[in-house]
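Trainee: I'm new to this one and I'd rather see one part properly than skim everything. Please pick a part and take me through it closely, with enough of the surroundings to keep me oriented.

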Amino acid sequence: MSQVVIAGAVLVVALSVGAVLRRRQGVSAPTQPTFGAPAQVDRADFVGVEAPWLVAVFSSASCTSCADVVRKARVLMCDQVAVVDVEHSASPALHRKYHVDAVPIAIVADHAGVVRASFVGPMSATDLWAAVAEVRHPGSSPEPHLGQ
């Protein structure tokens with residue numbers, strides 16, 4: 001009988017110590033998602049492969065700021081710059097492939113697919129246009145850090 005009482009006491013002490021240690025242990029904050037632009041793209045995934053520069057806007061049809069970014073980007077379309085709207089419902093595979101979890105994201109990629117400038121979220125037309133000018137002709141923008 002005394003062995004049962006001793007075993008019970010040891011069990012109560014062990015549970016108490018475990019509870020105290022568990023309370024002292026801090027709870028880690030949940031991992032926060034990071035939304036970023038891809039650093040490299042496969043130019044064959046986009047129309048306008050023949051243009052030396054690509055401006056791709058990852059967007060969603062339900063996003064009003066996305067429509068604004070696409071409108072600003074389309075002004076840049078010319079023989080040297082292909083502009084592509086990568087709308088989520090039309091191209092979900094590209095959003096998955098490039099880990100695009102938030103929109104709008106605008107990227108400026110060179111002929112090899114290296115992303116030279118990018119914007120996450122809405123941006124001004126001036127900032128987008130200056131970033132494209134800077135990557136195409138370094139030193140042409142008074143703010144060369146735009147899109148970095």
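Mentor: Let's settle one term before anything else: a residue is called buried when its relative accessible area is under 20%, exposed when that area is over 50%, and partly exposed in between. Cys78, for example, has a relative accessibility of 37%, so it counts as partly exposed. Keep in mind as well that you are looking at a predicted model.

The part I'd pick is the sheet, along with the helices that lie against it. To get your bearings, follow the chain from its N terminus, where the elements come in the order α-β-α-β-α-β-β-α. That gives 4 helices and 4 strands in the protein chain.

Now the sheet itself. Its 4 strands are arranged in the order β2-β1-β3-β4, and the sheet is open, with mixed pairing. At the edges you find β2, residues 81-87, and β4, residues 115-120, each of which pairs on one side only. Going from one strand to the next, the twist averages 15°.

Look at one pairing in detail. Strand β1, residues 53-59, runs parallel to β2, and 7 bridges join the two. If you want one to find on screen, start at Phe58, whose bridge partner in β2 is Val86.

Next come the helices that pack on the sheet. Helix α2, residues 64-74, touches β1, β2 and β3, the last of these being residues 105-109. The direction of α2 makes about 165° with that of β1. Helix α4, residues 125-136, packs on the sheet too, and touches β1, β2, β3 and β4. Its direction makes about 170° with that of β4.

Stay with α4 for a moment. With 12 residues at 1.5 Å a residue, α4 should span 16 Å, and its end C-alpha atoms sit 17 Å apart, which agrees. Which residues of α4 are buried? They are Ala125, Leu128, Ala130, Ala131, Val132, Glu134 and Val135. The spacing in such a list is worth reading with one rule in mind: an α-helix has 3.6 residues a turn, so residues three or four places apart point the same way. As for what lies over the buried residues of α4, the cover includes β1, α2, β3 and β4.

How many residues of α1 are buried, for contrast? The number is 0 out of 23, so α1 lies largely in the open. Helix α1 takes in residues 2-24 and reaches 33 Å from its first C-alpha to its last, close to the 33 Å expected.

Back to the sheet, and to a residue in its edge strand β2: Ala82. Its relative accessible area is 8%, under the 20% cut-off, so Ala82 is buried. What is Ala82 in contact with, leaving aside its neighbours within four places in sequence? The partners are Val47, Gly48, Ala51, Trp53, Leu54 and Val55. Take Gly48: 34 residues separate it from Ala82 in sequence, yet the two C-alpha atoms are 5.2 Å apart in space. Contacts across such stretches of sequence show up in the whole-chain count as well: of the contacts with a separation of 6 or more, 68% are between residues 24 or more positions apart.

There is also a disulfide to find, the 1 that the structure holds. It links Cys63 and Cys66, with their sulfur atoms 2.4 Å apart. The torsion about the S-S bond is about 85°, so this disulfide is right-handed. Both ends are tucked away: Cys63 is buried at 15% relative accessible area, and Cys66 is buried at 1%.

Finally, look at the loop between α3, residues 92-97, and β3, where you'll find Pro104. Most residues other than glycine have a negative phi, and most peptide bonds are trans. Here, the peptide bond joining Val103 and Pro104 is cis, with omega about 0°. His99 is found in the loop between α3 and β3 as well, and its phi is near 55°, a positive value in a residue other than glycine. Is His99 buried or exposed? At 62% relative accessibility, His99 counts as exposed.

For the whole-chain view, 36% of the 148 residues are buried. The chain exposes about 9100 Å², and carbon and sulfur atoms supply 60% of that.

Key
Residues are numbered from 1 along each chain as its sequence is written. This is a predicted model: local features need pLDDT of at least 70, side-chain atom pairs count only at pLDDT 80 or more; totals for chains, interfaces and linings use all residues. Side-chain values use heavy atoms; hydrogens and water are left out. Two strands pair if DSSP finds at least two bridges between them. Axes are lines fitted to C-alpha atoms, for helices over the stretch in contact, and angles run from 0 to 180 degrees between N-to-C directions. Contact means heavy atoms within 4.5 Å. Buried means under 20% relative accessible area, exposed over 50%, partly exposed in between (1.4 Å probe, protein chains only). Accessible areas come from the Shrake-Rupley method with a 1.4 Å probe; for residues, only the protein chains shown count as cover. A disulfide is a pair of cysteine sulfur atoms within 2.5 Å. The expected span of a helix is 1.5 Å times one less than its number of residues.
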